[in-house]
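Trainee: I'd like to go through the labels on this structure and see what backs each one up. Can we start with the charged pairs?

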Amino acid sequence: MSSVAFNPEQGKPLHPFVTFTLPLVAVFGALLGFIGGQAAGLGPLEGAIFGAVIAAVLAFVLTRFLPRKTGRWGAIAVCVAMGFFAGGFAGAVGGLILGALLGWAVYWLDTGDYRRGVPPYATTGQVLWHNSFKFICGAIFFFLIAPIITIIPLSFNAQNFFTFTPEMLALDPAGFSLKHYQDFFTNDAWLQPLKNSLIIAPFATFISVSLGTLAAIGLSQSHVPGRRAIMAVLISPMIVPLIISATGMFFFYSQMGLFMENYLGISKSLSGYIKVILAHAALGVPFVIITVTATLVSFDQSLTRAAANMGANPVTTFFKVQMPLILPGVISGGLFAFITSFDEVVVVLFVGAAAQKTLPWQMFTGLREQISPTILAVATILVIISIALLTVVELLRRRSERLRGMSPG
Amino acid sequence: MSDATHGPDNLTGITPDTGLKIGKSDKDGPMLAADGTPLKTSLNRALRRQKRRALMLIAPLLLFILLTFIYPIGEMLFRSVENQIVGDTLPRTVRVLADWNPDETEVPGPAVFSALAKDMTVASEEKNHTRLGSRLNYEVSGISSLFRKTGRNVDDIGENYTEQFVALDPAWEDPQTFVDIFAGPRWVEANAAYDGEGRRPTFRLAEGVGEVLPQTASIYRDFARVVQVEDDDNPAEEEPWNSVYLALYEDLRDGAAIPADFPHAALLTAAQAAVPNFATTNLQAAFVDMDKDWTDREVWRTIQTYSAPYTTGYFLNAADLQLTPDGIAWRPENERVYITLFVRTLIMSTAITVACILLGYPIGWLLANLPSRQANLLMILVLLPFWTSLLVRTSAWKVLLQDQGVINDLLVWIGFVSDGNRLALINNATGTIIAMTHILLPFMILPLYSVMKTIPPSYLRAAKSLGATNWTAFWRVYFPQSVPGIGAGSILVFILAIGYYITPEIVGGTKGVFISNRIAYHISTSLNWGLAAALGAILLVIVMAFYWAYDRIVGIDNVKLGG
């Protein structure tokens, strides 16, 4: 219905445009006008009518006379100009968005792109549903990602505000600065926690990975008495609410700390670190167990027998045969354990002393008491770290799937 | 090692177990292994060795988790019923008070006050009385200050008797007199030899003194212990407390039979003869002088009710009930918070779970039905929040939802809300639900996706080709097959949501907090650890029930992380 080629009546080429594209674009324009009109100070009704008219005119001009690329830039240019006229820089930014949306909508409807991905026999209702579904999914993805992305530009704010200042919207360089990052990297209140996090997380990861990998190998043997119960115990740190774990550990480790200080003669600060490291190691264990057992499911046990057959002792077999094959699982389990410890607040809040203040702890107090924009700079850095970790895990997963001969997916 | 009788678990091919069966079925005599032992024995040994090796690999971690995780939680849960503090701090009072019937007399008799004088002296010297006061204050407010006040002045009680004993014979002023009467010879020796290094020798009573002067012996032992441990002094050089004289007076008055060979027998007999003429002190009046709450029947009934070493009091408190002397009753209307809080936690967790299903289902479907290249790309959008620090996401929502935050600014700019009328999106239940839905959504999408990926798309096409409408095909064919995914995701999200602490604490204000926040409050601020443990125990039971259900439905080893 959209393409002129399907129309048998050559004398009325306007037909599908008039009955389909034009009214839809006008409705869309009315909607955008309704929103934009409010912002520009028009009433909702005037805004809607204004938007519908502009959209209709744009649709006509673009589809009749301009190729796609030029047309879309043209629409953007027109809307930016109008927006700038109505509301200065902020208006121009709004106009940019509206223009891009309108230009895209016009061509999307007019060229029949909206039917891509549905079979040619689909009814109008099905096409409508297909597109609404895509729109809904897009909105959900937006909900998932937008909060994380939004804080990145906000962290460059030159003001101590938690919202976009007019200078930022106008892309004025004066509106941006690195001062929050500078604060993070020079302020001892942030550097000490960062250091603590970087001490605690690797040690905790090491303990959970080494013990966890051994246990996972044990659990994957064919005859383990009481496997279900053992598994339930080992997974429990992930399931038990953190606040309960933290409460239990609070009592346990305060006694253990006294024991370490009074009977083993360990200094207060060192015993504080040991306490937090052990507590975090316990929390990281389930992740190692889960990922490593999942990797071991596909591990061919006859390889170890073959190695033994050729005279390798169990230790050699483990390091030369088994370990290289399950390494991706071990590493991603280790990354999970690392991020668990690196990201953990509740337990360290209860078990640790002020000397063991970690980065999340400092963020937590910052958020609860005096919220400072430095938090956004820290958050941005952490987002970048998590993107890096995610990439590593993804690559490892693909590598292990390739090794197992599954399709790279 | 009972596993061998269960048979091989889901294994195909020859295992040691099937080997055993083969060995058994052979009737021509035992089958022999290569080394000449019967095959059965040899296989049994191999199986045992295999099990032992597996267990040895698991053991270090299992011990680690049992010791540093399971045991601490068990210990914490024990605190929810433990109530030894009353019996430990006021042992004599509790014993005498057991006979008191609150319906007969308004206030317990003099015996109880006499016991209280001794207990409170010991407690205030050891500085335990304030702890006990705070403990009982959870049940009746005001007891805390009563104990503090009493603790400050209790050492004067019985001074009257001290003076009279000393007036009778100056030997009573000499600490050595008491040591001669009460201390065991071995302790006296060790104490004399003590040179200031290490711990002082533990005080021991002399043999037989406990029968002759039971009360005095008991309080003198406490006195010696406190002097040695708390003050690091020598009891042989310290004048006993007034309550020791009080106890001595009572013992002598009650007709202690002093044997002739007793140390200082003459001194004691003389004192016993003089005791009936002593001026007495009304102990009850002395206590009431310190604080008139000691005539309050409610206080005594509370001490009596909570004197047992274990109590259900904390659990009752966690359910907004209280243990009164007349049985279990509701707390006053204005103190009932926990049921509301539990209900709110459950309702909000359910709301978050439902929101996650509604948002996660379309995404799961989309990811499962797209070609794998595109699906993998979109999967990153799901995994990125999953990998991002919880605090980053929480702070993002705090920033977005604030009164002067991005969302409100946007709405004001568009004109949907007026500037003076900004939406209250944070510090209430709305904030908690929005932020937690965002945080937990990946935990719903991942299980949904892994289940939906196993549903062949041809089923839907088959249904449609048989004449089903789109809706029927989805609802009758596809949806039932995706229910396990919904179940797995829901339980996971629900379990995680119900125990959340950080996010509600930051974006929840007062109306959007969960039971976890209350537990944290009792641990770190109000220091009512018993109540915190009871609330934690209830929460743990709820979570465990769901965990058990999850294990039955999904299997705990089927948890997948990050696709």
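Mentor: Sure. A salt bridge here is a side-chain nitrogen of Lys or Arg within 4 Å of a carboxyl oxygen of Asp or Glu. Keep in mind that this is a predicted model.

Trainee: What makes Arg422(B) and Asp409(B) a salt bridge?

Mentor: Their closest N and O atoms are 2.9 Å apart, and the cut-off is 4 Å, so the pair qualifies. The pair links distant parts of the chain: Arg422(B) sits in the loop between α21 and α22 of chain B, and Asp409(B) in helix α21, 13 residues apart.

Trainee: Why is Arg422(B) called buried?

Mentor: Its relative accessible area is 17%. Buried means under 20%, so the label fits.

Trainee: What about Arg225(B) and Asp222(B), why do they count as a salt bridge?

Mentor: The closest N and O atoms are 3.0 Å apart, and that is within 4 Å, so the rule is met. Both belong to helix α12 of chain B, and because they are three residues apart, about one helical turn separates them. The two also belong to a network of salt bridges with Arg92(B), Asp119(B) and Glu126(B).

Trainee: How do you know which of Arg225(B) and Asp222(B) is buried?

Mentor: Asp222(B) has 12% relative accessibility, so it counts as buried. Arg225(B), at 36%, is partly exposed, because that label covers values between 20% and 50%.

Trainee: How many salt bridges cross between chain A and chain B?

Mentor: The rule finds one across that interface, and 11 in the whole structure.

Trainee: What makes Arg368(A) and Glu505(B) a salt bridge, and why does the pair join two chains?

Mentor: The closest N and O atoms are 2.9 Å apart, within the 4 Å cut-off, so it counts. Arg368(A) lies in helix α14 of chain A and Glu505(B) in helix α25 of chain B, so the pair joins two chains. Arg368(A) is partly exposed at 38% relative accessible area, and Glu505(B) is partly exposed at 24%.

Trainee: Which residue has a side chain in polar contact with that of Glu505(B), and why is it called a polar contact?

Mentor: That's Asn517(B), at 2.7 Å. The cut-off for N or O atoms is 3.5 Å, so the distance fits. Asn517(B) is in helix α26 of chain B.

Trainee: Is Asn517(B) buried or exposed, and how do you know?

Mentor: Buried: its relative accessible area is 7%, and the label needs under 20%, so it passes.

Technical notes: Residues numbered from 1 in each chain as written. Chains lettered and ligands numbered in written order. Predicted model: local features only at pLDDT ≥ 70, side-chain atom pairs only at ≥ 80, totals over all residues. Heavy atoms only, no water. Helix = DSSP H or I, 4+ residues; strand = E, 2+ residues; numbered from the N terminus. Buried < 20%, exposed > 50% of the residue type's maximum accessible area, 1.4 Å probe, protein only. Polar contact = N/O pair within 3.5 Å; in protein donor to acceptor, adjacent residues only side chain to side chain.
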